[in-house]
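Colleague: Could you take one part of this model and walk me through it slowly, in words that a first-year student can follow? I would like a close look at the aromatic pairs, with enough of the surroundings to place them.

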Amino acid sequence: MEILLATFTTLFSLVNPFGAMPVFLTLTSDDSGTERLRIALRACLYMVAILSVAFLGGQYILNFFNISIQHLRIAGGILLMRSAFDLLTPGANRDRVGPAALEESKLKDDVSFTPLAMPMLSGPGSMAICIGLIRPSYSDKALTLVGFALVALASLAVLASSLRLTRLLGRPGMAALARIMGFITLAIGVNFFATAIGALFPGLNH
């Protein structure tokens, strides 16, 4: 249960479906509610597949490039802290999809894989963290994958309700929510960085 909770809380703030809502609404503005729900469902399924591949293939990737898991966690922690500062800084560029890419995406028949699933929901930060979530036993790995599915369900609920949430929260509410998610992401990034440094230099713990 602890692994399930840790996986969900860590990944949900990184996936941050609230941050994906504006792009989702822009790209599905001409679609019906039913079609918008189908796009959100496909995007969340793609997200689970991407994160699962990163998680299950993570050890092979590390071995191939001869990268230590602690080194990856340090890099992931720095990446998370940078993303968090973007969310916490007023006026910072928080767009994961540039204007040109957004305009190009409007011409696509299906936007669920890109840009919604990647990079909006499962970007480099979340994939790096998934690789760092290496579990020793099969049961722990299974619980981690269930955690991915729970994140997908929560993200689906957010995207499906994005129109109502945007109207309810308004611009100030969305800005406040971004700062809350940024603060949580910053804490996770610091934890990853500090844990990896402590493992590499055990003498610092004394």
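Modeller: A residue is called exposed when its relative accessible area is over 50%, and buried when that value is under 20%. Please keep in mind throughout that this is a predicted model.

To set the scene, the protein chain contains ten helices and zero strands, and 43% of its 206 residues count as buried. Its accessible surface comes to about 11,100 Å², and 67% of that area belongs to carbon and sulfur atoms. If we take the contacts between residues at least 6 apart in sequence, 86% of them join residues that are at least 24 apart.

Turning now to the rings, the structure holds five aromatic pairs. In one of them, Phe-55 and Phe-148 meet edge-to-face, with 5.7 Å from centre to centre and 85° between the planes. Phe-55 belongs to helix H3 (residues 33–56) and Phe-148 to helix H9 (residues 138–160), so this pair ties together parts of the chain that lie 93 residues apart in sequence. Both Phe-55 and Phe-148 are buried.

Another pair is formed by Phe-64 and Phe-65, whose ring centres are 5.0 Å apart and whose planes stand at 85°, so this pair is edge-to-face; planes over 60 degrees apart are what that term requires. Are these two residues, Phe-64 and Phe-65, buried or exposed? Both Phe-64 and Phe-65 are exposed, whereas Phe-55 and Phe-148, as we saw, are both buried.

There is also a cluster, in which ring pairs link Phe-8, Phe-12 and Phe-18. Helix H1 covers residues 2–15, and it is worth following this helix to its contact with helix H8.

As a general guide, two packed helices are described by the angle between their axes and the distance between the axes. For helix H1 and helix H8 (residues 124–132), the axes come within 9 Å and cross at roughly 165°. An angle over 145 degrees counts as roughly antiparallel, and H1 and H8 are therefore roughly antiparallel to each other. Their crossing is left-handed. On the H1 side the contact is made by Thr-10, Leu-11 and Leu-14, while on the H8 side Ser-126, Ile-129 and Cys-130 take part.

Key. Residues are numbered from 1 along each chain as its sequence is written. This is a predicted model: local features need pLDDT of at least 70, side-chain atom pairs count only at pLDDT 80 or more; totals for chains, interfaces and linings use all residues. Side-chain values use heavy atoms; hydrogens and water are left out. Helices (H or I, at least four residues) and strands (E, at least two) are DSSP runs, numbered from the N terminus. Buried means under 20% relative accessible area, exposed over 50%, partly exposed in between (1.4 Å probe, protein chains only). Contact means heavy atoms within 4.5 Å. Accessible areas come from the Shrake-Rupley method with a 1.4 Å probe; for residues, only the protein chains shown count as cover. Rings of Phe, Tyr and Trp (its six-membered ring) pair if their centres lie within 6.5 Å; planes under 30 degrees apart count as stacked, over 60 as edge-to-face and the rest as tilted. Axes are lines fitted to C-alpha atoms, for helices over the stretch in contact, and angles run from 0 to 180 degrees between N-to-C directions. Angles under 35 degrees count as roughly parallel, over 145 as roughly antiparallel, 65 to 115 as roughly perpendicular and the rest as oblique. A crossing is left-handed if the near helix is turned anticlockwise from the far one by less than a right angle, and right-handed if clockwise.
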